[in-house]
Amino acid sequence: MKQFALILCKTKVHPFLLFPLFIICTLSTEARAAAKPNVIVIYADDLGYGDLACFGHPTIKTPHLDQMAAEGMKFTQFYSAAPVCTPSRAALLTGRYPIRSGMCSDKRRVLFPDSGGGLQASEVTLAEALKETGYKTACVGKWHLGHLPQFLPTSHGFDSYFGIPYSNDMDRVAERKLGRKIFLKPKVEYWNVPLMRNQEVIERPADQTTITKRYTKEAIKFIKGNQKQPFYLYLAHSMPHVPLFRSKAIEDTSRRGLYGDVIEEIDWSVGQILQTLKDQGLDQNTIVWFSSDNGPWLIFNEQGGSAGLLREGKGSTWEGGMREPTLAWWPGHIPSGSVTHELGSTMDIFTTSIQLAGGKVPSDRVVDGVDLSSVLLGTGESPRKEMAFYRGTKLMAFRKGPWKAHFITKPAYGREPFKEHHPPVLYHLEHDPSEKYDVAKANPEVIKSIKAAAEKHQQSIKPVPSQLEIPIKK
C-alpha cells in the first residue's frame with residue numbers, strides 16, 4: 001500500500017489506470033503475511049520477574065524492551081518449566097517437562113564440565129521441527145544441554161552455533177580461598193570458559209566483557225544473511241548469570257550499578273535485533289519472544305536480580321523461581337500494547353512456533369507445550385490451564401487455574417530439608433501472587449481437584465535415566 005501511495009503521488013496518471021498495480025501491491029502484502037513467520041527466541045539467564053522497567057523496576061532502564069512491550073504483548077503469568085538452567089532450557093527446546101527427557105536430577109541440578117550426558121538425539125528440538133518445514137536455524141549464546149560433540153546445537157538441528165557450552169561461572173581457575181569475592185570484582189581470567197563456533201573452541205577463556213555485543217553481532221549477521229527462506233534464531237544470553245560482565249561503553253551507566261549495566265546492555269541488544277528486522281522489512285513476518293530460563297539468583301545479593309512482588313528466586317518452585325518476565329512481538333499480528341493474564345510457559349513456544357510454521361508437533365511422545373496463537377492474536381483464551389512445578393524429579397507444586405498447591409517446599413539453596421505438607425499449602429495466585437496467605441483450610445475441594453490433576457499428570461511420566469548424573473569418560 002505504501003508503494004502504491006508513493007507512485008500515485010509522483011505520477012499524473014489517473015488512479016483508475018493504476019488499479020492493477022494496486023492489486024499487485026496488495027497481493028504482495030498478503031503473500032508476505034501468509035508466509036511462514038521467522039521465529040526469534042531471546043533468552044536471558046537468571047533474569048528476575050522485576051528486573052525490567054516494563055515489569056516495574058524503578059531504576060533499571062529498558063527502553064527497547066519497553067518499546068517491544070508497547071508494540072507487542074506482555075505476559076504476566078508465564079512460566080519456565082524448571083527453576084535452574086539445564087532443565088529449563090531442555091524444556092524450552094523440546095516443549096516437554098525435563099523429567100520426560102532425563103534432563104533433570106535430584107543429585108546434580110545442572111550439567112557441569114565433567115558431565116558426560118546431555119540432550120539425547122531421540123528428543124525433537126524446535127530447530128529440528130522447523131528445519132523440516134524449510135527453516136534455516138542458528139543458536140547463539142549459552143547452550144548448557146551437553147558440551148560433548150553429540151550434544152551440541154549442531155547435533156540438534158541448528159545449522160550453526162556461536163557461544164559458550166555451559167554457564168559462565170564454570171571452569172573456575174581463581175583460587176578457592178577467594179570464595180565469592182571473585183564475583184564482586186570479576187575478571188575474565190578467573191574462569192576458563194570456552195567460546196565455540198559450531199564444534200570448535202575459538203577462544204579460551206571467553207572474553208565476557210564483549211560477549212553480549214558479539215552475540216548481538218552474530219545474531220544480526222544471521223538475520224541479514226537468511227532472508228530468502230524462513231529462519232529460526234535462538235539467542236541465549238549468558239547474562240545476567242554471575243559473574244557479571246559488560247562492555248566498556250556501558251560501564252557505570254545504570255543507577256542499579258553493575259547488575260543494571262548488564263541488563264541495560266541486554267536491552268540494547270534487543271533494540272539492535274528489532275531495528276534490524278525493521279530495516280530489512282522483516283518485522284511483520286517475524287515473531288520475537290523474550291523470556292528467561294529461571295528467576296533471579298538472590299543469594300548473590302546485589303549481583304543478583306529481583307523477583308519483584310514474587311516469593312523467592314532461582315532454585316525454588318515458589319513463583320519467583322519460575323514465573324518469568326515475558327514479551328512477544330509480531331507487528332501487524334499481535335495487538336500492540338496488549339497485556340495478557342492468560343497462563344503460558346516456555347514449553348508453549350515450541351508448539352506455537354511449529355503450528356505457525358505449518359509443521360507437525362511430534363505425535364509419538366507426550367508434548368507438554370500448547371498452542372498460544374489464540375492469545376497472541378487476541379482471538380481466544382490460552383489452552384494452558386495447568387502447570388507442574390518440579391525441582392529435579394520431585395513434583396513440588398501444581399497450579400490449576402488461579403490456584404497453586406505446594407505438596408513439598410524447600411528454600412532455593414541451603415541445607416534445610418524438604419518439607420512435606422499434609423494438606424498442601426494453597427495460594428490463590430491472582431489474589432496473592434506473593435504466596436503469603438495459605439488458604440488451604442477454607443478450600444478443601446480445590447485441594448482435592450488439584451491433587452487429582454497432579455496425579456493424572458504424574459501417570460503420564462515414564463521414568464528415564466538422568467543425563468545429569470552421567471560422568472564424563474576419561
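This is a guided tour of one protein structure, stop by stop. The model is predicted.

**Stop 1: the open sheet**

Start with the strands. Ten of them form one open sheet, in the order 6-5-4-3-7-1-8-9-2-10, and the pairing is mixed. Which strands stand at the edges? Select residues 200–203 for strand 6 and residues 338–345 for strand 10. Each of these edge strands has a single partner strand, so one side of each is left without a neighbour in the sheet. Now turn the view along the sheet. From one strand to the next, the twist averages 20°.

**Stop 2: strand 8**

Select residues 286–292, which make up strand 8. Is this strand buried or exposed? Of its 7 residues, 7 are buried, so strand 8 is largely enclosed by the rest of the structure. Show the side chains. Thr286, Val288, Phe290 and Ser292 point one way. Ile287, Trp289 and Ser291 point the other way. Both sets are buried.

Next, look at the partners of strand 8. Strand 1 pairs with strand 8 in the parallel sense, over 7 bridges. Pick Val41 and you will find it opposite Trp289 of strand 8. Add residues 326–329 for strand 9. Strand 9 pairs with strand 8 in the antiparallel sense, over 3 bridges. Val288 has Trp329 of strand 9 as its bridge partner. Phe290 stands opposite Leu327, also in strand 9.

**Stop 3: two helices on the sheet**

Keep the sheet in view and add helix 11, residues 346–356. Helix 11 packs on the sheet and touches strand 1, strand 2, strand 8 and strand 10. Its direction makes about 170° with that of strand 8.

Then select residues 63–71 for helix 3. Helix 3 also packs on the sheet, where it touches strand 2, strand 8 and strand 9. The direction of helix 3 makes about 60° with that of strand 9.

Zoom in on Pro63, a residue of helix 3. Pro63 has a relative accessible area of 48%, so it counts as partly exposed. Now draw a line from the C-alpha of Pro63 to the C-alpha of Lys360. How far apart are Pro63 and Lys360 in space? The distance is 37 Å, and the two residues are 297 residues apart in sequence.

**Stop 4: strand 7**

Go back to the sheet and select strand 7, residues 231–236. Of its 6 residues, 6 are buried. Phe231, Leu233 and Leu235 point one way from the strand. Tyr232, Tyr234 and Ala236 point the other way.

Strand 7 has parallel partners to visit. Strand 1 runs parallel to strand 7, and 5 bridges join them. Here Ile42 stands opposite Leu235. Strand 3, residues 136–141, also runs parallel to strand 7, with 6 bridges. Here Lys136 stands opposite Phe231.

**Stop 5: helix 4**

Select residues 85–94 for helix 4. How many of its residues are buried? The count is 10 of 10, so helix 4 is largely enclosed by the rest of the structure. Among the buried residues are Cys85, Pro87, Arg89 and Leu92. What covers the buried residues of helix 4? The cover includes strand 1, helix 5, helix 6, strand 7 and helix 11. Step just past the end of the helix to Gly95, which takes a positive phi of about 70°.

**Stop 6: two hairpins**

Move to residues 386–391, which are strand 11. Strand 11 pairs with strand 12 in the antiparallel sense, over 6 bridges. Met387 stands opposite Arg399 in strand 12. These two strands form a hairpin with 2 residues between them. In its turn, Gly392 has a positive phi of about 65°.

Continue to strand 12, residues 394–400. Strand 12 is mostly covered, with 5 of its 7 residues buried. Add strand 13, residues 403–409, which runs antiparallel to strand 12 and is joined to it by 4 bridges. Lys400 stands opposite Trp403. Strands 12 and 13 form a hairpin too, again with 2 residues between the strands. In this hairpin, Gly401 takes a positive phi near 60°.

**Stop 7: a pocket**

Finish with the surface on. Rolling a probe the size of a water molecule over the atoms shows where empty space is left. The second largest pocket has a volume of about 360 Å³. Its lining has 16 residues. Select Val110, Phe112, Asp169, Met170 and Trp297, the lining residues that lie nearest its centre. By class, the lining has 8 nonpolar, 2 polar and 6 charged residues.

How values were computed:
Residues numbered from 1 in each chain as written. Predicted model: local features only at pLDDT ≥ 70, side-chain atom pairs only at ≥ 80, totals over all residues. Heavy atoms only, no water. Pairing = 2+ DSSP bridges. Axes fitted to C-alpha atoms, helices over the stretch in contact; angles between N-to-C directions. Contact = heavy atoms within 4.5 Å. 1 Å grid on protein atoms, 1.4 Å probe; cavity = no way out; pocket = protein on both sides within 12 Å on 5 of 7 lines; lining within 4 Å. Points joined across faces, edges and corners; volume = space filled by probe spheres on them. Nonpolar A, V, L, I, M, F, W, Y, C, P; charged D, E, K, R; others polar. Buried < 20%, exposed > 50% of the residue type's maximum accessible area, 1.4 Å probe, protein only.
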